[in-house]
Amino acid sequence: MKQPTSKFLEEATEYLTPIIKQAGEMILNDWAKIEIVNYKDKRDIATKTDIEVENFLKKKILSKWPDDGFWGEEEERTNELSPYQWLIDPIDGTKNYVNLAPFFQVHIAMAFNKELVLGLIYQPVSKQLFSAVKNDKTYLNNEVIKLKSDVSMDQAIIDIDLGGLMDKSEEEKQWKKNKLCEIAEKSYRIRVSGGSFALYLATGAVDAYVDVSCDSTPQDLAARIIIMQEAGFKVEWVKTSFGKQVLLISRGEVFSELKKIILK
């Protein structure tokens, strides 16, 4: 069995780089002629492009590593027992894509024995490729990302994925409202972007990402998590008082202060 050595992960990244960029071009080429094929709920949708890009990535990945598992956002999972699992979100931000907002990316991540070891995220509008492998650094277009200095909580810009409240319990609704207000009071600014800004933790556009939606999928988060970990951020799932888990990504004082707020 192949092992996720540094050499293997480097070669895998080199193989996937032109492929994820090609996927991005497919997405841009379809932007003027979007075709919705499935409504998962009232606003959560899948486009023809989501499905075509996922199938394209599946073909390219499994032609190279045919025994690996593949877990995409749109199609059924395959080969769940393989120690290698590919987690794919062909268009992270489909609602933005459909409504002509340029905040969407292609996500590719690989896990070995349930541990994330590789991640790539490509933003086709800005042509930005973020990549990372385990025990290395995070890169933006082949340049190592150097984090800016830590900020204090009162200087921090926090990106929050709040999720919906309509179908939640009264306990969860009140908890989210209270935490949102407390974070807003103690930080410089908040952004409730649904995760659109989360990737830009690495560039300093925001100082923390808090996912309190409690319904994000592994395909949404996997590439984002390893890219942030290898950039130097702390990534932790924090259990709430109502039993669900919140994803917190930050560092330094901001991480500590946000964790205190979540655990109250």
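1. Start with how much of the chain is tucked away: buried residues make up 49% of the 264 residues in the protein chain. Keep in mind as you look around that this is a predicted model.

2. Now the overall build. The protein chain has six helices and 14 strands. Along its principal axes, the C-alpha trace spans about 50 × 40 × 35 Å. Is the chain as compact as its length would suggest? What helps here is the radius of gyration: a compact globule of 264 residues would have one near 18 Å, and the protein chain has 18 Å, so the two agree.

3. How do distant parts of the sequence meet? Take the contacts between residues at least 6 apart in sequence: 60% of them join residues at least 24 apart.

4. For a pair at a distance, try Glu 76 and Thr 203. They sit 127 residues apart in sequence, and their C-alpha atoms are 34 Å apart in space. You'll find Glu 76 in the loop between strand 3 (69-72) and strand 4. Is Glu 76 buried or exposed? Its relative accessible area is 69%, and the cut-off for exposed is over 50%, so Glu 76 counts as exposed.

5. Next, have a look at the second largest pocket, which has a volume of about 390 Å³. It is lined by 20 residues, and the closest to its centre are Leu 87, Ala 111, Lys 114, Leu 116 and Pro 218. Three elements each give two or more residues to this lining: strand 4 (84-92), helix 5 (218-231) and strand 13 (234-239). Helix 5 supplies the largest share, four residues. As for chemistry, the lining divides into eleven nonpolar, five polar and four charged residues.

6. Helix 5 deserves a point of its own. How far apart should the ends of its 14 residues be? At 1.5 Å a residue, the expected span is 20 Å, and the end C-alpha atoms are indeed 20 Å apart, so the helix agrees with the rule.

7. Helix 5 is also mostly covered, with twelve of its 14 residues buried. Among them are the run Ile 225, Ile 226 and Ile 227, but also charged residues, including Asp 220, Arg 224 and Glu 230. A handy thing to remember when you turn a helix on screen: an α-helix has 3.6 residues a turn, so residues three or four places apart point the same way.

8. Finally, step just past the end of helix 5. There, Gly 232 takes a positive phi of about 115 degrees.

Notes. Residues numbered from 1 in each chain as written. Predicted model: local features only at pLDDT ≥ 70, side-chain atom pairs only at ≥ 80, totals over all residues. Heavy atoms only, no water. 1 Å grid on protein atoms, 1.4 Å probe; cavity = no way out; pocket = protein on both sides within 12 Å on 5 of 7 lines; lining within 4 Å. Points joined across faces, edges and corners; volume = space filled by probe spheres on them. Expected span 1.5 Å × (residues − 1). Buried < 20%, exposed > 50% of the residue type's maximum accessible area, 1.4 Å probe, protein only. Rg over C-alpha atoms; globule rule 2.2 N^0.38 Å. Contact = heavy atoms within 4.5 Å.
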